Amino acid sequence: MLAIVKSFCSIFGFIFLSSCAAYDFPDPTPEDYAVHGIDVSRWQGDIDWAAAKQGGVAFAWIKATEGGDHVDPRFVDNWVAARQAGMPRGAYHFYYFCRPVEEQISWVKEIVPVDPQALPLVLDMEWNAHSKTCRERPERPQILRDMKIFLDEMEKHYGKRPVIYSSVDFHRDRLVGALKNEQFWLRSVASFPNNIYEQRDDWVFWQYTAEGRVPGVKGDVDRNAFFGTKSQYRDWLNGTLKR
């Protein structure tokens with residue numbers, strides 16, 4: 001509702017300028033958005049995908065690969081079971097900064113099937129401070145060059161432009177002002193994304209908690225909201241969304 005009111009004031013503000021200016025708009029909350037989903041990995045264990053779908057989960061991204069030689073041990077089971085339950089799902093790749101981008105591209109192609117019905121692949125770009133094997137933090141020009149190579153090749157292979165997932169610190173360090181025409185999925189569990197991501201108010205998905213609970217998943221799970229209405233979400237799924 002807040003998004004609708006803001007849009008109304010943006011369009012008709014020249015008529016109702018004083019009324020709109022007097023209204024102190026609070027930040028949107030996850031509950032203000034109509035379409036919610038989850039992202040999962042091995043740590044969620046066995047998932048009842050039918051129960052999740054019936055419980056209101058509209059989409060899921062499933063961890064598939066990391067670097068150039070790691071595959072999530074539950075990827076195949078989740079990939080198949082989610083589709084059998086009628087859950088719109090896609091795969092995500094966790095980028096590893098100590099492996100050439102070309103090797104990571106080849107690894108994703110080897111593991112993630114080409115499925116025209118799947119959601120776009122996600123390129124997960126974040127610093128991994130807990131890695132015992134890779135402490136590298138490439139500079140911005142290399143990061144952007146390698147990301148473009150990855151995105152272009154994945155779009156060519158899977159037929160859909162990938163979504164970029166990012167965390168607050170990685171975006172601040174490397175992505176501010178870059179990749180304006182790409183689709184972003186932002187992690188922001190403490191605040192509305194627009195408050196903490198500089199020059200990135202055109203995000204498409206918002207990861208708003210790591211402690212969500214949904215039917216069919218035991219324990220905590222990441223929860224995500226789509227930025228727009230249900231009809232806009234359907235357009236996004238069909239690749240016809242206009243913003």
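Where does Asp69 lie in this chain? Asp69 sits in the loop between β2 (60-66) and β3 (70-71), and I'll come back to it shortly.

Hi everyone, a quick word on what we are looking at. This is a predicted model, in which local features need pLDDT of at least 70 and side-chain atom pairs count only at pLDDT 80 or more, while totals for chains, interfaces and linings use all residues. Residues are numbered from 1 along each chain as its sequence is written, and side-chain values use heavy atoms, with hydrogens and water left out.

Let's start with the whole chain. Its secondary structure comes to 9 helices and 9 strands. Helices here are DSSP runs of H or I with at least four residues, strands are runs of E with at least two, and both are numbered from the N terminus. The radius of gyration is 19 Å, which agrees with the value near 18 Å for a compact globule of 243 residues; that radius is taken over C-alpha atoms, and the globule rule is 2.2 Å times the number of residues to the power 0.38. Along the principal axes, the C-alpha atoms fill a box of roughly 60 × 45 × 35 Å.

Of the 243 residues, 46% are buried. Buried means under 20% relative accessible area, exposed means over 50%, and partly exposed is in between, with a 1.4 Å probe and protein chains only. Now for contacts, meaning heavy atoms within 4.5 Å. Among those between residues at least 6 apart in sequence, 61% join residues at least 24 apart.

On to the inside. The largest nonpolar core has 64 residues, and Ile38, Trp49, Trp61, Met125 and Trp236 touch the most other members. Helix α6 (residues 140-158) gives the most to this core, with 6 residues. By nonpolar core I mean a set of buried Ala, Val, Leu, Ile, Met, Phe, Trp, Tyr and Cys residues joined through side-chain atoms within 4.5 Å. If you click on Trp236, look for its contacts beyond four places in sequence, including Trp61, Leu119, Pro120, Phe205 and Phe226.

Back to Asp69, as promised. Asp69 is exposed, because its relative accessible area is 55%. Leaving aside neighbours within four places in sequence, Asp69 is in contact with Arg99 and Trp107. Asp69 and Ala51 are 18 residues apart in sequence, and their C-alpha atoms are 32 Å apart in space.

Glu139 is another one to find. Its place is the loop between β5 (122-125) and α6, and its 55% relative accessibility makes it exposed. From the C-alpha of Glu139 to that of Ala118, 21 residues away along the chain, the separation is 32 Å.

Next, Glu211, which is found in strand β8. Glu211 counts as exposed, at 60% relative accessibility. Apart from residues up to four places away in sequence, Glu211 touches Asp220 and Val221. The C-alpha atoms of Glu211 and Asp222 are separated by 6.2 Å, with the two positions 11 residues apart along the chain counted as their spacing.

Last, two backbone details. Which value does phi take at Leu179? It is near 55 degrees, a positive value in a residue other than glycine, and Leu179 lies in the loop between α7 (168-175) and β7 (183-187). Gln199 also has a positive phi, about 55 degrees, although it is not a glycine. You'll find Gln199 in the loop between α8 (193-196) and β8 (205-212), where it counts as partly exposed at 42% relative accessibility.

Thanks for listening!
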